Amino acid sequence: ATRGGFTQVPNFLLRSKDLSAGDKLAFAMLLSYAWQHDHCFPGQKRLADDMGLHETNVRKHLKSLQTHGLLEITRRGQGKTNIYTLNLKPPKKR
């Protein structure tokens, strides 16, 4: 398993009852691209291919993560991928 690398996903995210399994997978996939940083910029087609989903579903999961305050999406313009900034801190309890 370590030969191909691995991704550590925060427990607060794995245990969240507010996120779907697809939301959690999308966050984990973004983490796998981010490495030592809190941001990454994979294309949505690449995310879809890696997750085994259609791009429409990927966009839905990214929007959900953004709505829950776990992801900031910065659009860079035509022909460039978005920058995804991950919030790695547990959300505040309400």
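This is a short tour of the salt bridges in a predicted model. A search of the whole structure finds three of them, and we will visit each in turn.

**Stop one: Lys45 and Asp49**

Start by selecting helix H3, residues 44-51. Show the side chains of Lys45 and Asp49, and you will find them joined in a salt bridge, with an N to O distance of 3.3 Å. Why do these two sit about one helical turn apart? They are separated by that much because they lie four residues apart in helix H3. Switch on a surface if you like: Lys45 is exposed, and Asp49 is exposed as well.

**Stop two: Arg46 and Asp50**

Stay on helix H3 and select Arg46 together with Asp50. Their side chains also meet in a salt bridge, this one at 3.8 Å from N to O. Here again the spacing is four residues, so about one helical turn lies between Asp50 and Arg46. Is Asp50 buried or partly exposed? Its relative accessibility is 42%, so Asp50 counts as partly exposed.

**Stop three: Glu55 and Arg59**

Now move along to helix H4, which covers residues 55-67. Select Glu55 and Arg59 and look for the salt bridge between them, where the closest N and O atoms are 3.8 Å apart. Because the two residues are four apart in helix H4, about one helical turn separates Arg59 from Glu55. Both ends are worth a look on the surface. Arg59 has 38% relative accessibility and therefore counts as partly exposed, while Glu55, with a relative accessible area of 29%, is partly exposed too.

Notes: Residues are numbered from 1 along each chain as its sequence is written. This is a predicted model: local features need pLDDT of at least 70, side-chain atom pairs count only at pLDDT 80 or more; totals for chains, interfaces and linings use all residues. Side-chain values use heavy atoms; hydrogens and water are left out. A salt bridge is a side-chain nitrogen of Lys or Arg within 4 Å of a carboxyl oxygen of Asp or Glu. Buried means under 20% relative accessible area, exposed over 50%, partly exposed in between (1.4 Å probe, protein chains only).
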